[in-house]
Amino acid sequence: MSSLKTLSIFSFLFAALHFPSVHAATFDITNKCPYTVWAAAKPGGGRKLNNGEKWTISAAPGTTQARIWARTNCQFDGAGKGKCQTGDCNGLLECQGYGSPPNTLAEYAIGQFANQDFIDISNIDGFNVPMEFSSASAGCTRVIKCTADIVGQCPNELKVPGGCNGPCPVFKTDEYCCNSGTCGPTTFSKYFKERCPDAYSYPKDDPTSLFTCPTGTNYKVIFCP
């Protein structure tokens, strides 16, 4: 056997032992609401989901600042252009950017520090549809839910048709948006936190709202679980 071939085999074995393969994470997105939603994802695009329908997307290792959400009361033409009452993404069926508040968010970053994925549900941009974000793999048992009647009980200052806005999109002040990085809980953030303890209620809500699963986990997002 040539030394070159021996070296090649050694290099392959070294890589296999020290750099385990990393696969894209899949996300099964299911609508269990009794009404139609238009699922949205960045990255991923968008899809109309009637009750009981599922849409599967994937995200490559290293993907960060990613979101999945539901849009409601949408109308799109044959070219995929239109508008949604909540969660609208620049009038496009196939989202290319983030959605407009209010929208309940499933957020994630794949293949991060120490081979961990970071996942959360966020109400910082408000709430429009109940959500579950959980592992679909045996290696992680994490389940995050936000299913309270946030829209029905929404404070008057945050009420909008079809949803309950977060205070940052409404007031746009540092107190609520935390642009300086020093903000704390507010009366409005506590409203969301009391109803969905595992969801982000304001930008510095990490200790009780940010969770991990091992990289290689697949996930599911359920609207109206």
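Here is a short back-and-forth about this predicted model.

Student: Before we start, what pLDDT do local features need here?
Tutor: The model is predicted, side-chain atom pairs count only at pLDDT 80 or more, totals for chains, interfaces and linings use all residues, and local features need pLDDT of at least 70. Residues are numbered from 1 along each chain as its sequence is written, and side-chain values use heavy atoms, with hydrogens and water left out.

Student: Which strands stand at the edges of the open sheet, and why is one side of each left without a neighbour?
Tutor: Strands are DSSP runs (E, at least two residues; helices are H or I, at least four), numbered from the N terminus, and two of them pair if DSSP finds at least two bridges between them. Five strands make up this open, mixed sheet, in the order E4-E1-E14-E9-E10. Each edge strand has a single partner strand, so one side has no neighbour in the sheet; the two are E4 (54-59) and E10 (143-146).

Student: And what does the twist average from one strand to the next?
Tutor: Axes are lines fitted to C-alpha atoms, for helices over the stretch in contact, and angles run from 0 to 180 degrees between N-to-C directions. From one strand to the next, the twist averages 15°.

Student: Within that sheet, which residue of E14 stands opposite Phe133?
Tutor: Strand E9 (residues 131-135) runs antiparallel to strand E14 (residues 219-223), and five bridges join them. Opposite Phe133 stands Val221.

Student: Phe133 is aromatic too, so to speak; which cluster does Phe133 form part of?
Tutor: Rings of Phe, Tyr and Trp (its six-membered ring) pair if their centres lie within 6.5 Å, with planes under 30 degrees apart counted as stacked, over 60 as edge-to-face and the rest as tilted. That rule gives eight aromatic pairs. One aromatic cluster is formed by Phe27, Tyr108, Phe133 and Tyr219.

Student: What about the E2 and E3 hairpin: which residue takes a positive phi?
Tutor: E2 (residues 37-42) and E3 (residues 45-49) pair antiparallel over five bridges, with Trp38 opposite Lys48. The loop between E2 and E3 holds Pro43, and the peptide bond joining Lys42 and Pro43 is cis, with omega about 5°. The hairpin has two residues between the strands, and the one with a positive phi, near 140°, is Gly44.

Student: Where does Pro102 lie, given its cis bond from Pro101?
Tutor: Omega is near 0° for the peptide bond from Pro101 to Pro102. Pro102 sits in the loop between strand E6 (82-86) and E7.

Student: Which elements give two or more residues to the lining of the largest pocket?
Tutor: On a 1 Å grid over the protein atoms alone, a pocket is an open set with protein on both sides within 12 Å along at least five of seven lines, a cavity is a set of points where a 1.4 Å probe fits but cannot get out, and lining residues have an atom within 4 Å of a point. The lining includes Arg67, Leu105, Glu107, Asp120 and Ser122. The elements giving two or more residues are strand E7 (105-112) and strand E8 (116-122).

Student: Arg67 is in that lining; which ring does Arg67 lie over?
Tutor: A charge sits over a ring if NZ of Lys or CZ of Arg is within 6 Å of the ring centre and within 35 degrees of the ring normal. Arg67 lies 4.0 Å from the ring centre, over the face of Tyr98.

Student: What volume does the largest cavity have?
Tutor: Grid points are joined across faces, edges and corners, and a volume is the space filled by probe spheres set on the points. Searching the whole structure turns up one cavity of 30 Å³ or more. The largest cavity has a volume of about 60 Å³.
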